[in-house]
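The following exercises are to be worked with the sequence and the structure at hand. Each task is followed by a solution in steps.

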Amino acid sequence: MSYIKKPVASHPSAQKNALGLTLRDYEGSMSTLCAGCGHDSITASIVRSFWELGTEPHTIAKMSGIGCSSKTPAYFVSGAHGFNSAHGRMAAIASGAAAANRELRLIGVSGDGDSLSIGLGHLCHAIRRNVNMLYIIENNGVYGLTKGQFSASADVGTKSKKGEANVMAPIDPVQLALTLGATFVGRSFSGDKAELVPLIKAGLAHEGFAIIDVISPCVTFNDHEGSTKSYMYTRKHLEALTPIDFVPEASEITAPERASGGLMEVTMHDGSTVRFRSVHEGYDPTNRISAMSYLYERQQKGEVPTGLLYVETGRPQMHTIMNSIDKALATLPFEALNPGSAALEKLQRAYR
Amino acid sequence: MTLSVAESATPAKAAPLLPLSVNDFAFKLANANGTGSASANGLIMQAIFRMGIPVSGKNLFPSNIQGLPTWYEIRVNKDGHTARTIEYSLMVAMNAETYARDVKEVRSGGYIVHDSTWPFPNALRRDDVHYLGVPYAQMCLDNFAGARERTLMKNIVYVGTLAALLDMDMAVVNAMLDEKFSKKPTLRDSNHKAIKLGYDYAKANFECPLPLRLQTMDKNKDSILIDGNTASALGCVYAGATVGVWYPITPSTGLMDAFTAFCEKYRTDAETGKKKYAIIQAEDELAAIGMVLGASWAGARTFTNTSGPGISLMNELLGLAYYAEIPAVVFDVQRVGPSTGMPTRTQQSDVLECAYASHGDTKHIVLFPANPNECFHFAPKAFDLAARFQTPVFVLSDLDIGMNDWVVPKLTWDDTYRPDQGRVLTKEQIEAGGKFMRYSDDDGTGVTSRTLPGVTAKGAFFTRGSGHNSKGVYTEVPDEYQEIMERLTRKHNSAKTAVPAPIVEKRQDATFGIVTMGGCDLAVREAIAILAGKRHQADFMRVRAFPFPDEVEAFLNEHDVNYIVEQNRDGQLTTLLTVETGVSKDRLKKVLFYSGFPLSAAAVANFIMADREAM
């Protein structure tokens with residue numbers, strides 16, 4: 001993966017966040033993806049989300065696998081450690097990092113090949129463990145670096161650049177996540193920053209595994225007529241189902257309840273609030289079964305609902321399930337870990 | 001109720017008698033697995049251990065849960081030779097299915113203890129062994145209720161029989177039962193009853209003791225009885241490991257089971273009940289090593305335990321760890337390969353796979369413990385080496401070491417020990433320094449500075465398995481790529497002086513060398529004693545780590561002929577020695593045993609003797 005260093009210059013009048021940092025402070029190196037790549041728009045939304053949240057860059061850990069999408073952690077928050085690992089293994093590696101240091105704010109960026117083929121098993125199990133992280137799939141339906149093969153998320157009938165139609169059924173990461181018990185499931189479109197930024201912020205605030213499937217057209221290999229992941233097709237078929245606002249700090253704890261006018265609030269673990277405006281009467285993003293059934297019906301009609309599709313707060317994350325201490329295991333002093341020679345002597349009485 | 005008429009228990013008259021042998025014989029117990037025999041057999045071994053006699057027990061079990069044949073071998077040897085031997089003076093034949101082969105294995109003049117509730121098939125009788133029939137099934141039917149208890153107690157009854165036949169110290173046996181069942185009085189009473197039934201029957205019906213006798217010694221007062229998996233786990237606890245990740249696989253499972261138990265005991269916060277450790281059962285070995293890398297990258301001492309098939313799966317990420325320079329500790333409890341192979345049999349066949357795991361040019365540090373005591377001490381060593389050299393370290397144990405109980409010197413711990421964290425920069429060091437460059441070899445040691453996530457933005461860098469230069473930045477520039485690869489070679493070679501040195505034992509007038517590794521240790525030492533008795537004097541070297549310290553090459557060059565004894569088909573240690581030292585391969589002769597059972601001294605000695613005499 002190549003990248004180009006950005007000039008270090010920022011305008012004196014640039015707006016600052018609570019930490020006194022500008023948007024530029026959350027950027028990374030220059031992207032080397034194709035001009036117009038959907039992934040770069042997602043990167044911009046990630047940059048804005050962290051900046052708006054006022055997250056300290058060094059507390060972030062950026063995880064990825066291999067592929068076009070997996071390059072992107074180099075393009076945001078250069079003050080954070082990044083781990084561009086191996087194809088499909090990001091969920092496992094991120095789970096390990098989460099185990100060692102629960103204080104890290106983990107963001108994983110993956111693609112449809114990385115997550116739904118070679119790394120499908122790891123994704124499923126990270127969901128099951130409810131690892132505390134935000135997992136973004138930059139979903140374009142093709143393998144870009146190897147020049148345009150269908151991925152597992154390609155829709156039946158969608159056409160490759162050469163004109164061949166895909167015949168195998170797609171794996172839908174949203175339905176998959178819902179089936180596996182994911183506690184935060186969203187979908188969006190790379191070109192819709194207004195929807196994506198609050199969604200990413202909410203995903204970062206969520207305690208547990210948050211997954212956002214972002215349709216991100218591949219301008220080089222999957223943006224032609226006949227593709228169901230092109231800019232044109234996506235803009236036509238997406239339907240903003242639950243436009244949301246993200247309010248960082250709630251003044252009071254509110255239980256999920258439907259307010260008048262289709263407005264609904266969910267309080268996140270850190271006290272922030274997500275406000276939904278449900279477009280469709282009866283869509284309840286806190287009801288897994290009705291959400292699954294609604295999404296399935298829409299999908300059959302060729303529509304792709306977007307927004308925060310499902311959220312469940314209060315389910316224990318991996319560390320809560322394991323009942324591990326509140327501090328990072330990686331920083332525990334040796335003295336707190338070693339039982340000492342006297343204990344060894346005593347223990348060995350049982351080995352006689 | 002009578003199951004059948006018990007046949008006469010009189011020994012076959014024609015059979016020769018064994019000479020009296022005190023604390024120097026071996027016997028074998030043949031059972032069906034899943035019947036509770038394992039704990040009864042362990043009880044016998046433990047009793048002999050407590051009598052202060054050098055002893056070993058080898059569980060030869062099938063990859064199965066219930067019903068298939070399983071054997072347990074016990075060897076006592078007053079001189080401390082406790083490698084496996086195949087000279088059985090007595091067989092407890094409790095499995096009719098394997099009578100035929102069990103009877104064949106007993107030495108002439110030896111004894112066969114069997115269940116005489118049913119007649120022993122005449123076709124299988126030998127006239128040079130003694131048959132000691134005990135109506136075990138009938139006795140259990142008469143004395144215990146319920147099928148499960150009757151099955152279990154049959155094992156304990158034969159322990160009682162053996163106690164009488166071998167002159168075991170009954171006070172020791174009874175004390176063990178009291179300890180074992182201190183919280184289960186009903187079971188304790190049943191066990192005492194069963195022991196007594198077997199003991200009394202033998203006393204009443206046979207001339208006890210046989211010429212095979214146990215006599216109390218004082219050889220074990222500073223020893224413990226422990227398996228290698230438990231000892232490795234304890235070593236991980238003492239090393240300060242906080243994250244353990246694994247995928248269940250025989251024969252390594254016991255390691256994480258033990259780590260879990262020790263952590264519950266020593267690492268639970270007294271006030272909150274919260275855990276100062278994380279144990280994750282991964283979805284597969286790909287994930288297990290992935291989580292190790294993630295956790296280790298984030299700064300925790302982390303390990304995984306597996307066996308050969310797991311290492312095969314881990315190859316991909318082991319290369320990432322090597323190239324991105326992330327510490328990782330992997331315990332490989334070897335079993336018989338290739339493929340699924342024989343999961344419950346032992347071998348040393350992952351040597352090359354571990355030394356060179358992954359695609360591309362890779363080389364790893366590998367440690368070869370010989371027994372549970374070394375497993376314990378190599379654990380902190382492995383974490384220290386992994387941290388210091390920022391690379392994967394393998395601890396290559398095997399099924400025999402990992403799953404069998406061994407008598408080893410008591411484990412000791414130096415309270416002044418502190419983990420070697422390697423070159424991990426603190427927040428202050430990062431902030432006081434210049435621009436952080438992850439792979440810059442500023443002091444020429446080959447080891448570069450690391451930073452951990454979550455510390456400070458100035459130390460941030462992008463870890464990658466793709467080509468990178470000394471700054472940690474992506475590169476496809478040939479010189480920059482090669483600079484890193486050359487440094488990795490230097491770094492690997494520099495570990496030679498940090499890994500455990502070989503154990504070398506020289507004899508006067510030695511004319512050749514014998515070299516081995518790991519669990520072959522005891523058999524090879526005993527073979528050297530046997531050979532010395534036949535006037536073939538050999539020097540001994542046990543290799544304990546790769547990369548090989550210089551002493552290894554020096555030893556090989558001192559001898560025109562070095563026999564390399566190892567448990568695999570192709571001579572993997574021999575190959576590694578040939579490739580990684582300057583020694584001529586004409587000096588090396590392979591001595592290979594790889595059937596899956598632990599090595600015996602006789603096999604080694606016979607092979608070498610034949611070769612010496614043919615020269």
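**Exercise 1.** Determine which residue stands opposite His130(B) of β7(B), and describe the strand pairing and burial at this place.

*Solution.* Step 1. In this predicted model, Tyr111(B) is the residue opposite His130(B) in β7(B).

Step 2. The pairing concerned is that of strand β6 (residues 106–115) of chain B with β7(B), which is parallel and extends over 5 bridges.

Step 3. Consider next the two faces of β7(B). In a regular strand, side chains alternate between the two faces of the sheet. Here His130(B), Leu132(B) and Val134(B) point one way, while Tyr131(B) and Gly133(B) point the other way.

Step 4. A residue counts as buried if 20 or more other C-beta atoms lie within 10 Å of its own. By this criterion 5 of the 5 residues of β7(B) are buried, and the strand is mostly covered.

**Exercise 2.** Place β7(B) within its sheet: what is the strand order, and which strands are at the edges?

*Solution.* Step 1. The sheet is open and has 6 strands, in the order β3-β4-β2-β5-β6-β7 (chain B), with mixed pairing.

Step 2. β3 (55–60) and β7 (130–134) of chain B are the edge strands, each pairing on one side only.

Step 3. On average, neighbouring strands of this sheet are turned by 15° against each other, direction ignored.

Step 4. Within the sheet, strand β2 (residues 24–32) and strand β5 (residues 88–93) of chain B run parallel and are joined by 4 bridges. Phe27(B) stands opposite Leu90(B) of β5(B).

**Exercise 3.** Classify the crossing of α3(B) with α4(B), and then that of α4(B) with α6(B), from their angles.

*Solution.* Step 1. Helix α3 (residues 136–143) and helix α4 (residues 147–166) of chain B have axes that come within 9 Å and cross at roughly 120°. α3(B) is therefore oblique to α4(B), since an angle of 65 to 115 degrees would be needed for roughly perpendicular and one over 145 for roughly antiparallel.

Step 2. This crossing is right-handed. Tyr136(B), Ala137(B), Met139(B), Cys140(B) and Leu141(B) of α3(B) meet Arg150(B), Met153(B), Lys154(B), Val157(B) and Tyr158(B) of α4(B). These contact residues comprise 8 nonpolar, no polar and 2 charged.

Step 3. The axes of α4(B) and helix α6 (residues 185–205) of chain B come within 7 Å, crossing at roughly 45°. These two helices are therefore also classed as oblique, and their crossing is right-handed.

Step 4. Residues in this second contact include Met153(B), Val157(B) and Tyr158(B) of α4(B), and Ala194(B), Leu197(B) and Tyr201(B) of α6(B). The contact of α4(B) with α6(B) divides into 14 nonpolar, 5 polar and 3 charged residues.

**Exercise 4.** Describe the 7-stranded sheet of chain B and the helices that lie on it.

*Solution.* Step 1. The 7 strands form an open sheet in the order β11-β10-β12-β13-β15-β14-β21 (chain B), and the pairing is mixed. β11 (278–281) and β21 (545–546) of chain B each have a single partner strand, so one side of each is left without a neighbour in the sheet.

Step 2. Strand β14 (residues 365–367) and strand β15 (residues 392–398) of chain B pair in the parallel sense over 3 bridges. Val393(B) in β15(B) is the bridge partner of Ile365(B).

Step 3. Helix α7 (residues 228–239) of chain B packs on the sheet, touching β10 (243–246), β12 (302–306), β13 (328–334) and β15 of chain B. The direction of α7(B) makes about 155° with that of β15(B).

Step 4. Helix α8 (residues 253–266) of chain B lies across β10, β11, β12 and β13 of chain B, at about 150° to β11(B).

**Exercise 5.** How many residues does each chain give to the contact between chain A and chain B, and which elements of chain A take part?

*Solution.* Step 1. Chain A contributes 51 residues and chain B contributes 56 residues.

Step 2. On the side of chain A, β2 (81–84), α3 (90–100), α5 (120–129) and α11 (341–347) each supply at least two residues. α3(A) gives the most, with 8 residues.

Step 3. The side of chain A that touches chain B divides into 27 nonpolar, 21 polar and 3 charged residues.

Step 4. Strand pairing also links the chains: β2(A) and strand β17 (residues 462–464) of chain B run parallel and are joined by 3 bridges. Gly82(A) has Phe462(B) as its bridge partner in β17(B).

How values were computed. Residues are numbered from 1 along each chain as its sequence is written. Chains are lettered from A and ligands numbered from 1 in the order in which they are written. This is a predicted model: local features need pLDDT of at least 70, side-chain atom pairs count only at pLDDT 80 or more; totals for chains, interfaces and linings use all residues. Axes are lines fitted to C-alpha atoms, for helices over the stretch in contact, and angles run from 0 to 180 degrees between N-to-C directions. Angles under 35 degrees count as roughly parallel, over 145 as roughly antiparallel, 65 to 115 as roughly perpendicular and the rest as oblique. A crossing is left-handed if the near helix is turned anticlockwise from the far one by less than a right angle, and right-handed if clockwise. Two residues are in contact if their C-beta atoms, placed from the backbone, lie within 7 Å. Ala, Val, Leu, Ile, Met, Phe, Trp, Tyr, Cys and Pro count as nonpolar, Asp, Glu, Lys and Arg as charged, and the others, Gly among them, as polar. Two strands pair if DSSP finds at least two bridges between them. A residue is buried if 20 or more other C-beta atoms lie within 10 Å of its own, exposed if 12 or fewer, and partly exposed in between; C-beta atoms are placed from the backbone.
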